[in-house]
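Subject: Structure for your files

Hello,

Here is the structure we discussed, with the sequence alongside. My notes follow below it.

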Amino acid sequence: MGMKKVFLFSIFLLCGLFFSQILPSALGSAYGTLASISKWLMFICLAFIMINVGREFELDKAKWRSYATDYFIAMATAAVPWLLIACYYIFFLDTGLSWENNLLISRFAAPTSAGILFTMLAAAGLKKEWIYKKTQVLAIFDDLDTILLMIPLQILMIGFKWQLFVIIGVVCILLIFGWKRLSSLNLPQSWKSILLYSVCIVAAFESVYLISKALMGQDGAIHIEVLLPAFVLGMVMKTVHNHSREEERASSFISYLFMFLVGLSTPIFIGLETGGDGMPEWGMLIFHVIVVTILSNLGKMFPLFFYRDRKIQERLALSIGMFTRGEVGAGIIVIAMGYQLGGPALIISILSLVLNLVLTGFFVVAVKRISQSVYGVKE
């Protein structure tokens, strides 16, 4: 099931990318309406996904000090690939973007896909092993770090204005609320309920943006991304695991729809002139995609240098497991597109995400093979 899901992620993302290039000319003026509907659906799907990521955030608050090292390692595991790709975009790719824009668009490489990783490691028979338990903590922490770092990146994007104090205040309130009420609220957790929560979150925070924009103009608008509110809502839920076929099918469908909508939101790049501020030649574009993919995964090798009490094979398997990417990285690309970022960096980021999804099966097989040498896991 894990491999099938990863394969479908890639297919839906590519299908959306394909239609993004042909629908604008085919639909003409009607495409604007479709784009608006797609944008709202995409954020609802993203909120749904982030609520479920938050539901996986299960920590023993009494042992919070022991998580400090894990958080540092997870933060570095998210930061290293991000900074490597940001530097590559700035120094080796003519993106036509400012350095802060490059920092934002390259953040897609930071988060590990917790949902994909947990599913596939469990299917590989590793659920009781140290690797599985440690990747649970690191993957969730690096997703959290990715979300939190969007705040200073947002500051860089819109400048230091009074609205930022509102945004920072909301973020602090959400984090305090999330920590104090972690896994404590008995809320309905069917896929229909979570979808309703997602609609409410998007409606609430988009309304704040639209009302503030109408009253104070674009420069005075207060824009709070749905990532953190949705994640915190998932955090405070007393998680009820429902593995019925209906729940799994609905959650998978929403994830597939999100990946399709991410692709569909891609600006037109086929047919643009090469060179200058346009797209590079296809051969060079593919080269950049491969280099970015390699750099993003090399950066994820950071845990190899820690946990010295474990065998190097375990640390290597842990690092390779962190290679998996998915919906959260796609969510960062969505936010970048919301700031009207495009050009070669956006296309390379999306195609690199697709390539990582295609390679996910190989990553998990590698983790399983290495683990067999340590734990004697049977086929």
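In helix 7, the buried residues (buried means under 20% relative accessible area, exposed over 50%, partly exposed in between, with a 1.4 Å probe and protein chains only) are Gln-163, Leu-164, Ile-167, Val-171, Leu-174 and Gly-178. They lie on the same side of helix 7 because they cover an arc of only 100° around the axis, the arc being that of the directions from the helix axis to the C-beta atoms. An α-helix has 3.6 residues a turn, so residues three or four places apart point the same way. Phe-165, Ile-173 and Lys-180 are exposed on the face of helix 7 turned away from its buried side. The helix has 19 residues, 162-180, and should span 27 Å at 1.5 Å a residue; its end C-alpha atoms are 28 Å apart, which agrees. The expected span is 1.5 Å times one less than the number of residues.

This is a predicted model, in which local features need pLDDT of at least 70 and side-chain atom pairs count only at pLDDT 80 or more, while totals for chains, interfaces and linings use all residues. Residues are numbered from 1 along each chain as its sequence is written, and side-chain values use heavy atoms, with hydrogens and water left out.

The protein has 14 helices and zero strands; helices (H or I, at least four residues) and strands (E, at least two) are DSSP runs, numbered from the N terminus. Of its 379 residues, 53% are buried. Taking contacts (heavy atoms within 4.5 Å) between residues at least 6 apart in sequence, 84% join residues at least 24 apart.

Helix 11 (residues 282-299) supplies the largest share of a nonpolar patch, five residues. The patch covers about 580 Å² and is made by Leu-84, Trp-282, Ile-286, Ile-290, Ile-294 and Leu-298. Patches are made of residues with over 30% relative accessible area and no salt bridge, with like charges joined within 9 Å and nonpolar side chains (Val, Leu, Ile, Met, Phe, Trp, Tyr) within 5 Å; a salt bridge is a side-chain nitrogen of Lys or Arg within 4 Å of a carboxyl oxygen of Asp or Glu. Areas come from the Shrake-Rupley method with a 1.4 Å probe; for residues, only the protein chains shown count as cover.

Ile-294 is partly exposed, at 46% relative accessibility. Asn-297, also in helix 11, is buried at 8%. Beyond its neighbours within four places in sequence, Asn-297 contacts Phe-323, Arg-325, Asn-356 and Phe-363.

Regards
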